[in-house]
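Here are some exercises to work through with the model open beside you. Try each task before reading its solution.

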2 protein chains.
Amino acid sequence: MKISDRKTEIIAVAARLFKEKGYSAVTMRDIAQAMDIKAASLYNHIQSKQEILVLIIIEIAEEFTLVMNEIVSSNLSTLKKIERVIQLHITITLRNSDALACLNNDWMHLTDDQLSYFIKMREDYEQNFRKIIQEGIQNGQLKKSNQEVMVYAILSSLRTMYLWHSKSKGLDEKTLLKSITSLYFKGLEN
Amino acid sequence: MKISDRKTEIIAVAARLFKEKGYSAVTMRDIAQAMDIKAASLYNHIQSKQEILVLIIIEIAEEFTLVMNEIVSSNLSTLKKIERVIQLHITITLRNSDALACLNNDWMHLTDDQLSYFIKMREDYEQNFRKIIQEGIQNGQLKKSNQEVMVYAILSSLRTMYLWHSKSKGLDEKTLLKSITSLYFKGLEN
DNA sequence: CTATTAAACTAACAATTGTTAGTTTTAATT
DNA sequence: AATTAAAACTAACAATTGTTAGTTTAATAG
(Lines give C-alpha, C1' and ligand atoms only; values in the text may rest on other atoms or scores of the structure.)
Protein backbone atom coordinates (compact mmCIF):
# COMPACT_ATOMS: atom_id res chain seq x y z
CA MET A 1 0.00 0.00 0.00
CA LYS A 2 1.66 3.13 -1.28
CA ILE A 3 1.64 6.23 0.87
CA SER A 4 0.28 9.25 -0.97
CA ASP A 5 2.50 12.24 -1.66
CA ARG A 6 0.43 14.48 0.56
CA LYS A 7 0.72 12.04 3.44
CA THR A 8 4.47 11.87 3.02
CA GLU A 9 4.52 15.64 3.06
CA ILE A 10 2.57 15.77 6.31
CA ILE A 11 4.96 13.31 7.92
CA ALA A 12 7.97 15.33 6.83
CA VAL A 13 6.52 18.61 8.07
CA ALA A 14 5.46 17.02 11.34
CA ALA A 15 8.90 15.51 11.88
CA ARG A 16 10.50 18.89 11.42
CA LEU A 17 8.17 20.48 13.95
CA PHE A 18 8.53 17.58 16.38
CA LYS A 19 12.29 18.04 16.19
CA GLU A 20 11.98 21.66 17.22
CA LYS A 21 9.50 21.43 20.08
CA GLY A 22 8.79 17.78 20.72
CA TYR A 23 5.71 15.72 19.90
CA SER A 24 3.54 16.93 22.77
CA ALA A 25 4.14 20.62 22.20
CA VAL A 26 3.21 20.47 18.52
CA THR A 27 -0.51 20.71 17.78
CA MET A 28 -2.39 19.51 14.76
CA ARG A 29 -3.06 23.19 14.06
CA ASP A 30 0.69 23.82 14.03
CA ILE A 31 1.22 21.10 11.46
CA ALA A 32 -1.68 22.33 9.38
CA GLN A 33 -0.47 25.91 9.45
CA ALA A 34 2.97 24.83 8.28
CA MET A 35 1.24 23.28 5.27
CA ASP A 36 -1.09 26.23 4.70
CA ILE A 37 -4.25 24.26 5.34
CA LYS A 38 -6.67 23.82 8.25
CA ALA A 39 -6.19 21.20 10.94
CA ALA A 40 -9.30 19.27 9.98
CA SER A 41 -7.97 18.82 6.46
CA LEU A 42 -5.10 16.74 7.74
CA TYR A 43 -7.58 13.99 8.54
CA ASN A 44 -8.22 13.40 4.86
CA HIS A 45 -4.73 11.90 4.78
CA ILE A 46 -3.90 10.57 8.22
CA GLN A 47 -5.86 8.82 10.91
CA SER A 48 -4.52 10.55 13.99
CA LYS A 49 -1.62 12.48 15.48
CA GLN A 50 -0.40 9.19 16.91
CA GLU A 51 -0.23 7.64 13.46
CA ILE A 52 2.14 10.37 12.33
CA LEU A 53 4.45 9.64 15.23
CA VAL A 54 4.39 5.93 14.54
CA LEU A 55 5.16 6.37 10.86
CA ILE A 56 8.07 8.68 11.62
CA ILE A 57 9.68 6.49 14.24
CA ILE A 58 9.04 2.88 13.29
CA GLU A 59 10.41 3.11 9.76
CA ILE A 60 13.77 4.37 10.94
CA ALA A 61 13.91 2.00 13.87
CA GLU A 62 13.37 -0.91 11.50
CA GLU A 63 16.12 0.30 9.22
CA PHE A 64 18.56 0.46 12.14
CA THR A 65 17.51 -3.01 13.20
CA LEU A 66 17.88 -4.48 9.74
CA VAL A 67 21.33 -3.12 9.00
CA MET A 68 22.64 -3.83 12.49
CA ASN A 69 21.60 -7.47 12.12
CA GLU A 70 23.50 -7.68 8.85
CA ILE A 71 26.61 -6.19 10.43
CA VAL A 72 26.58 -8.47 13.44
CA SER A 73 26.15 -11.64 11.42
CA SER A 74 28.82 -10.68 8.88
CA ASN A 75 32.34 -12.01 9.15
CA LEU A 76 34.04 -8.61 9.15
CA SER A 77 36.69 -7.76 11.72
CA THR A 78 35.54 -6.04 14.87
CA LEU A 79 36.93 -2.70 13.78
CA LYS A 80 35.18 -2.97 10.42
CA LYS A 81 31.94 -3.84 12.12
CA ILE A 82 32.15 -0.80 14.33
CA GLU A 83 32.99 1.32 11.32
CA ARG A 84 29.88 -0.01 9.62
CA VAL A 85 27.75 0.94 12.62
CA ILE A 86 29.19 4.44 12.55
CA GLN A 87 28.48 4.58 8.82
CA LEU A 88 24.90 3.50 9.43
CA HIS A 89 24.30 6.31 11.89
CA ILE A 90 25.91 8.85 9.60
CA THR A 91 23.83 7.78 6.61
CA ILE A 92 20.53 8.00 8.42
CA THR A 93 21.48 11.22 10.18
CA LEU A 94 22.32 12.92 6.90
CA ARG A 95 19.24 11.62 5.14
CA ASN A 96 16.61 12.17 7.80
CA SER A 97 17.77 14.04 10.86
CA ASP A 98 14.27 15.27 11.69
CA ALA A 99 12.91 11.77 12.05
CA LEU A 100 15.97 10.74 14.00
CA ALA A 101 15.50 13.56 16.47
CA CYS A 102 11.89 12.48 16.84
CA LEU A 103 12.88 8.88 17.45
CA ASN A 104 15.35 9.95 20.10
CA ASN A 105 13.10 12.33 21.99
CA ASP A 106 9.54 11.19 21.45
CA TRP A 107 9.62 7.40 21.36
CA MET A 108 8.04 7.32 24.83
CA HIS A 109 4.85 8.77 23.37
CA LEU A 110 4.28 5.67 21.32
CA THR A 111 1.58 3.47 22.84
CA ASP A 112 0.73 -0.19 23.37
CA ASP A 113 2.07 -2.55 20.74
CA GLN A 114 4.14 0.03 18.94
CA LEU A 115 5.81 1.12 22.15
CA SER A 116 6.85 -2.39 23.13
CA TYR A 117 7.86 -3.11 19.55
CA PHE A 118 10.12 -0.08 19.58
CA ILE A 119 11.64 -0.88 22.97
CA LYS A 120 12.33 -4.43 21.83
CA MET A 121 14.12 -3.17 18.73
CA ARG A 122 16.16 -0.72 20.75
CA GLU A 123 17.19 -3.37 23.27
CA ASP A 124 18.17 -5.76 20.51
CA TYR A 125 20.14 -3.02 18.83
CA GLU A 126 22.09 -2.27 21.97
CA GLN A 127 22.61 -5.96 22.63
CA ASN A 128 24.00 -6.41 19.14
CA PHE A 129 26.40 -3.53 19.55
CA ARG A 130 27.43 -4.90 22.93
CA LYS A 131 28.17 -8.22 21.25
CA ILE A 132 30.47 -6.55 18.75
CA ILE A 133 32.40 -4.78 21.51
CA GLN A 134 32.56 -7.95 23.56
CA GLU A 135 33.97 -9.96 20.67
CA GLY A 136 36.54 -7.26 20.06
CA ILE A 137 37.73 -7.35 23.63
CA GLN A 138 37.94 -11.12 23.59
CA ASN A 139 39.85 -11.38 20.32
CA GLY A 140 42.22 -8.63 21.40
CA GLN A 141 41.26 -6.05 18.79
CA LEU A 142 39.86 -3.74 21.48
CA LYS A 143 41.28 -2.58 24.78
CA LYS A 144 40.24 -4.39 27.94
CA SER A 145 38.41 -1.36 29.32
CA ASN A 146 34.90 -1.11 30.75
CA GLN A 147 32.60 -2.68 28.18
CA GLU A 148 29.40 -0.84 29.11
CA VAL A 149 31.12 2.53 29.01
CA MET A 150 32.42 1.74 25.55
CA VAL A 151 28.98 0.67 24.37
CA TYR A 152 27.00 3.60 25.71
CA ALA A 153 29.52 6.39 25.31
CA ILE A 154 29.79 5.60 21.63
CA LEU A 155 26.13 4.81 21.00
CA SER A 156 24.92 7.95 22.76
CA SER A 157 27.33 10.02 20.76
CA LEU A 158 26.21 8.47 17.46
CA ARG A 159 22.57 8.86 18.39
CA THR A 160 22.87 12.59 18.94
CA MET A 161 24.89 13.37 15.85
CA TYR A 162 21.79 15.00 14.38
CA LEU A 163 22.24 17.76 16.95
CA TRP A 164 25.55 18.99 15.58
CA HIS A 165 26.48 17.47 12.23
CA SER A 166 25.12 20.48 10.35
CA LYS A 167 26.77 23.04 12.63
CA SER A 168 30.27 22.57 11.31
CA LYS A 169 30.63 23.26 7.62
CA GLY A 170 32.54 21.19 5.14
CA LEU A 171 31.62 18.00 6.92
CA ASP A 172 30.68 15.67 4.10
CA GLU A 173 29.87 12.04 4.70
CA LYS A 174 33.40 10.78 4.12
CA THR A 175 35.16 13.32 6.32
CA LEU A 176 32.66 12.64 9.05
CA LEU A 177 33.24 8.90 8.91
CA LYS A 178 37.02 9.27 8.94
CA SER A 179 37.04 11.74 11.80
CA ILE A 180 34.65 9.79 13.98
CA THR A 181 36.29 6.41 13.45
CA SER A 182 39.67 7.97 14.14
CA LEU A 183 38.37 9.53 17.34
CA TYR A 184 36.74 6.37 18.64
CA PHE A 185 39.53 4.03 17.61
CA LYS A 186 42.63 6.04 18.46
CA GLY A 187 41.33 8.73 20.81
CA LEU A 188 42.19 12.37 21.24
CA GLU A 189 45.68 12.02 22.62
CA ASN A 190 48.68 12.49 20.42
CA MET B 1 15.78 34.23 49.63
CA LYS B 2 15.61 30.64 50.75
CA ILE B 3 13.46 28.23 48.80
CA SER B 4 11.03 26.37 51.01
CA ASP B 5 11.30 22.63 51.45
CA ARG B 6 7.96 22.07 49.81
CA LYS B 7 8.98 24.09 46.77
CA THR B 8 12.20 22.11 46.48
CA GLU B 9 10.13 18.96 46.64
CA ILE B 10 7.86 20.13 43.85
CA ILE B 11 10.85 20.93 41.68
CA ALA B 12 12.37 17.51 42.29
CA VAL B 13 9.13 15.68 41.55
CA ALA B 14 8.54 17.76 38.44
CA ALA B 15 12.05 17.14 37.17
CA ARG B 16 11.54 13.40 37.51
CA LEU B 17 8.28 13.55 35.58
CA PHE B 18 9.73 15.88 32.95
CA LYS B 19 12.56 13.40 32.45
CA GLU B 20 10.09 10.62 31.73
CA LYS B 21 7.67 12.35 29.37
CA GLY B 22 9.01 15.81 28.66
CA TYR B 23 7.82 19.18 29.95
CA SER B 24 4.86 19.57 27.61
CA ALA B 25 3.40 16.14 28.27
CA VAL B 26 3.42 16.56 32.04
CA THR B 27 0.42 18.40 33.49
CA MET B 28 0.15 20.27 36.76
CA ARG B 29 -2.30 17.57 37.78
CA ASP B 30 0.39 14.94 37.12
CA ILE B 31 2.83 16.75 39.38
CA ALA B 32 0.18 17.23 42.05
CA GLN B 33 -0.85 13.59 41.95
CA ALA B 34 2.75 12.51 42.38
CA MET B 35 2.79 14.57 45.57
CA ASP B 36 -0.63 13.39 46.76
CA ILE B 37 -2.18 16.82 46.64
CA LYS B 38 -4.44 18.71 44.22
CA ALA B 39 -3.13 20.77 41.33
CA ALA B 40 -4.36 24.04 42.73
CA SER B 41 -2.38 23.48 45.92
CA LEU B 42 0.85 23.67 43.97
CA TYR B 43 0.24 27.37 43.49
CA ASN B 44 0.75 28.01 47.19
CA HIS B 45 4.41 27.31 46.51
CA ILE B 46 5.17 28.12 42.89
CA GLN B 47 4.05 30.84 40.54
CA SER B 48 3.58 28.84 37.36
CA LYS B 49 4.55 25.73 35.48
CA GLN B 50 7.10 27.84 33.63
CA GLU B 51 8.77 28.83 36.89
CA ILE B 52 9.35 25.18 37.72
CA LEU B 53 11.08 24.66 34.40
CA VAL B 54 13.24 27.74 34.86
CA LEU B 55 14.32 26.72 38.36
CA ILE B 56 15.22 23.24 37.20
CA ILE B 57 17.25 24.30 34.19
CA ILE B 58 18.94 27.59 35.04
CA GLU B 59 20.57 26.43 38.27
CA ILE B 60 22.35 23.56 36.55
CA ALA B 61 23.24 25.62 33.51
CA GLU B 62 24.87 28.19 35.77
CA GLU B 63 26.84 25.53 37.58
CA PHE B 64 28.17 24.21 34.28
CA THR B 65 29.08 27.72 33.21
CA LEU B 66 30.82 28.53 36.46
CA VAL B 67 32.99 25.43 36.64
CA MET B 68 33.80 25.50 32.93
CA ASN B 69 35.06 29.06 33.28
CA GLU B 70 37.32 27.98 36.12
CA ILE B 71 38.70 25.11 34.08
CA VAL B 72 39.40 27.19 30.99
CA SER B 73 41.19 29.92 32.88
CA SER B 74 43.26 27.51 34.93
CA ASN B 75 46.81 26.63 33.96
CA LEU B 76 46.29 22.90 33.83
CA SER B 77 47.49 20.85 30.87
CA THR B 78 45.02 20.26 28.06
CA LEU B 79 44.49 16.66 29.08
CA LYS B 80 43.86 17.65 32.68
CA LYS B 81 41.38 20.30 31.57
CA ILE B 82 39.44 17.78 29.54
CA GLU B 83 39.50 15.38 32.45
CA ARG B 84 38.03 18.12 34.63
CA VAL B 85 35.25 18.70 32.12
CA ILE B 86 34.47 14.99 32.14
CA GLN B 87 34.51 15.07 35.92
CA LEU B 88 32.10 17.99 35.92
CA HIS B 89 29.59 16.14 33.78
CA ILE B 90 29.90 13.01 35.87
CA THR B 91 29.37 14.88 39.13
CA ILE B 92 26.25 16.64 37.98
CA THR B 93 24.89 13.55 36.25
CA LEU B 94 25.23 11.49 39.41
CA ARG B 95 23.80 14.18 41.64
CA ASN B 96 20.89 15.35 39.56
CA SER B 97 20.21 13.34 36.45
CA ASP B 98 16.55 14.32 36.34
CA ALA B 99 17.32 18.01 36.04
CA LEU B 100 20.02 17.24 33.50
CA ALA B 101 17.60 15.33 31.33
CA CYS B 102 15.21 18.25 31.57
CA LEU B 103 17.91 20.71 30.59
CA ASN B 104 18.80 18.59 27.59
CA ASN B 105 15.30 17.99 26.29
CA ASP B 106 13.16 20.88 27.43
CA TRP B 107 15.35 23.97 27.29
CA MET B 108 13.46 25.13 24.19
CA HIS B 109 10.36 25.61 26.30
CA LEU B 110 12.00 28.39 28.21
CA THR B 111 10.76 31.81 27.10
CA ASP B 112 12.02 35.32 26.52
CA ASP B 113 14.93 36.39 28.71
CA GLN B 114 15.49 33.01 30.24
CA LEU B 115 15.64 31.35 26.85
CA SER B 116 18.26 33.72 25.49
CA TYR B 117 20.14 33.57 28.77
CA PHE B 118 20.28 29.79 28.50
CA ILE B 119 21.31 29.80 24.87
CA LYS B 120 24.05 32.28 25.63
CA MET B 121 25.39 30.06 28.41
CA ARG B 122 25.29 27.02 26.20
CA GLU B 123 27.13 28.77 23.38
CA ASP B 124 29.77 30.04 25.77
CA TYR B 125 30.15 26.59 27.22
CA GLU B 126 30.72 25.06 23.81
CA GLN B 127 33.07 27.86 22.86
CA ASN B 128 35.10 27.26 26.01
CA PHE B 129 35.36 23.55 25.32
CA ARG B 130 36.32 24.30 21.75
CA LYS B 131 39.08 26.54 23.06
CA ILE B 132 40.47 23.73 25.19
CA ILE B 133 40.52 21.36 22.24
CA GLN B 134 42.05 24.01 20.00
CA GLU B 135 44.85 24.71 22.47
CA GLY B 136 45.53 21.02 22.75
CA ILE B 137 45.88 20.63 19.02
CA GLN B 138 48.18 23.63 18.79
CA ASN B 139 50.46 22.60 21.62
CA GLY B 140 50.66 19.06 20.30
CA GLN B 141 48.92 17.33 23.17
CA LEU B 142 46.00 16.34 20.93
CA LYS B 143 45.89 14.77 17.49
CA LYS B 144 45.45 17.01 14.49
CA SER B 145 42.03 15.60 13.63
CA ASN B 146 38.80 17.45 12.91
CA GLN B 147 38.28 19.88 15.76
CA GLU B 148 34.50 20.18 15.53
CA VAL B 149 34.02 16.44 15.52
CA MET B 150 36.16 16.17 18.62
CA VAL B 151 34.19 18.91 20.35
CA TYR B 152 30.72 17.67 19.58
CA ALA B 153 31.27 13.92 19.66
CA ILE B 154 32.61 14.22 23.18
CA LEU B 155 30.20 16.87 24.42
CA SER B 156 27.16 15.05 23.11
CA SER B 157 28.32 11.87 24.74
CA LEU B 158 28.88 13.60 28.09
CA ARG B 159 25.55 15.35 27.87
CA THR B 160 23.60 12.12 27.48
CA MET B 161 25.38 10.19 30.19
CA TYR B 162 22.24 10.48 32.30
CA LEU B 163 20.58 8.09 29.85
CA TRP B 164 22.81 5.16 30.66
CA HIS B 165 25.04 5.69 33.69
CA SER B 166 22.60 3.86 35.93
CA LYS B 167 22.09 0.96 33.56
CA SER B 168 25.42 -0.69 34.17
CA LYS B 169 26.02 -1.65 37.76
CA GLY B 170 29.18 -1.18 39.73
CA LEU B 171 29.90 2.10 37.98
CA ASP B 172 30.98 4.36 40.79
CA GLU B 173 32.25 7.86 40.15
CA LYS B 174 35.91 6.89 40.00
CA THR B 175 35.49 3.95 37.65
CA LEU B 176 33.33 6.07 35.38
CA LEU B 177 35.92 8.83 35.20
CA LYS B 178 38.77 6.42 34.51
CA SER B 179 36.87 4.52 31.82
CA ILE B 180 35.63 7.59 30.01
CA THR B 181 38.93 9.45 30.03
CA SER B 182 40.68 6.31 28.83
CA LEU B 183 38.16 5.94 26.01
CA TYR B 184 38.36 9.54 24.86
CA PHE B 185 42.11 9.87 25.23
CA LYS B 186 43.33 6.53 23.92
CA GLY B 187 40.35 5.15 22.03
CA LEU B 188 38.93 1.68 21.66
CA GLU B 189 41.68 0.09 19.63
CA ASN B 190 44.27 -2.08 21.27
C1' DC C 1 -6.96 29.21 74.43
C1' DT C 2 -6.50 32.40 70.69
C1' DA C 3 -4.67 34.40 66.67
C1' DT C 4 -2.04 33.81 62.76
C1' DT C 5 -0.09 31.77 59.09
C1' DA C 6 0.92 27.97 55.94
C1' DA C 7 -0.91 24.77 53.04
C1' DA C 8 -4.35 22.09 51.73
C1' DC C 9 -9.08 21.96 49.61
C1' DT C 10 -13.45 22.67 46.13
C1' DA C 11 -15.21 24.75 42.22
C1' DA C 12 -14.76 26.90 38.33
C1' DC C 13 -12.83 29.82 34.40
C1' DA C 14 -11.20 30.53 29.61
C1' DA C 15 -8.23 28.69 26.33
C1' DT C 16 -6.54 24.99 23.82
C1' DT C 17 -6.51 20.20 22.49
C1' DG C 18 -7.44 16.18 19.00
C1' DT C 19 -11.07 14.96 16.36
C1' DT C 20 -15.70 14.50 13.81
C1' DA C 21 -19.59 15.76 10.73
C1' DG C 22 -21.17 17.82 6.99
C1' DT C 23 -20.21 20.87 3.05
C1' DT C 24 -17.84 23.15 -0.69
C1' DT C 25 -14.20 23.50 -3.90
C1' DT C 26 -10.79 21.72 -6.99
C1' DA C 27 -9.08 18.41 -10.27
C1' DA C 28 -9.44 14.43 -13.16
C1' DT C 29 -12.14 11.19 -16.08
C1' DT C 30 -15.62 9.94 -18.88
C1' DA D 1 -20.56 19.04 -20.08
C1' DA D 2 -21.40 15.79 -16.61
C1' DT D 3 -19.65 12.78 -13.10
C1' DT D 4 -16.71 11.33 -9.71
C1' DA D 5 -13.12 11.47 -6.39
C1' DA D 6 -9.78 13.94 -3.77
C1' DA D 7 -8.87 17.42 -0.72
C1' DA D 8 -9.90 21.45 1.08
C1' DC D 9 -13.25 24.05 4.09
C1' DT D 10 -16.51 25.70 8.37
C1' DA D 11 -18.35 24.72 12.67
C1' DA D 12 -18.46 22.41 16.47
C1' DC D 13 -17.74 18.65 20.12
C1' DA D 14 -15.95 16.85 24.54
C1' DA D 15 -11.89 16.56 27.07
C1' DT D 16 -7.99 18.56 29.01
C1' DT D 17 -5.05 22.44 30.00
C1' DG D 18 -2.90 26.09 33.35
C1' DT D 19 -4.64 28.94 36.54
C1' DT D 20 -7.64 31.79 39.89
C1' DA D 21 -10.91 32.74 43.74
C1' DG D 22 -12.61 31.68 47.83
C1' DT D 23 -12.74 28.40 51.70
C1' DT D 24 -11.30 25.04 55.10
C1' DT D 25 -7.96 22.55 57.72
C1' DA D 26 -3.52 22.00 60.19
C1' DA D 27 0.28 23.81 62.50
C1' DT D 28 2.60 27.43 65.12
C1' DA D 29 3.26 31.36 68.28
C1' DG D 30 1.81 34.52 71.76
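**Exercise 1.** Find which phosphate and base atoms of DNA strand C meet A:Tyr43, A:Val26 and A:Arg29.

*Solution.* Start with A:Tyr43: an N or O atom of its side chain sits 2.6 Å from a phosphate oxygen of DNA strand C. A polar contact here is a pair of N or O atoms within 3.5 Å; within protein, one must be able to donate a hydrogen and the other to accept it, and residues adjacent in sequence count only if both atoms are side-chain atoms. Next, look at A:Val26, where a polar backbone atom is 3.4 Å from a phosphate oxygen of the strand. Finally, turn to the bases: a polar side-chain atom of A:Arg29 is 2.9 Å from a base nitrogen of DNA strand C.

Before going on, note that this is a predicted model: local features need pLDDT of at least 70, side-chain atom pairs count only at pLDDT 80 or more, and totals for chains, interfaces and linings use all residues. Side-chain values use heavy atoms, without hydrogens and water, residues are numbered from 1 along each chain as its sequence is written, and chains are lettered from A and ligands numbered from 1 in the order in which they are written.

**Exercise 2.** Describe the protein surroundings of DNA strand C.

*Solution.* Count residues with a heavy atom within 4 Å of the strand. There are 16, and A:Thr27, A:Tyr43, B:Lys38, B:Asn44 and B:His45 come nearest. Then take the strand's own atoms within 4 Å of the protein: 59% belong to sugar or phosphate, the rest to bases.

**Exercise 3.** Now treat DNA strand D in the same manner: which residues are closest?

*Solution.* Of the 16 residues around DNA strand D, the closest are A:Lys38, A:Asn44, A:His45, B:Thr27 and B:Tyr43. Sugar and phosphate make up 59% of the DNA strand D atoms that come within 4 Å of the protein. For individual pairs, begin with a side-chain N or O atom of A:His45, 2.6 Å from a phosphate oxygen. A polar backbone atom of B:Met28 is 2.9 Å from a phosphate oxygen, and a side-chain N or O atom of B:Arg29 is 2.9 Å from a base nitrogen.

**Exercise 4.** Which residues meet where H8(A) packs on H7(B)?

*Solution.* A:Ala153, A:Ser156 and A:Ser157 meet B:Ala153, B:Ser156 and B:Ser157 (contact means heavy atoms within 4.5 Å).

How values were computed. Helices (H or I, at least four residues) and strands (E, at least two) are DSSP runs, numbered from the N terminus.
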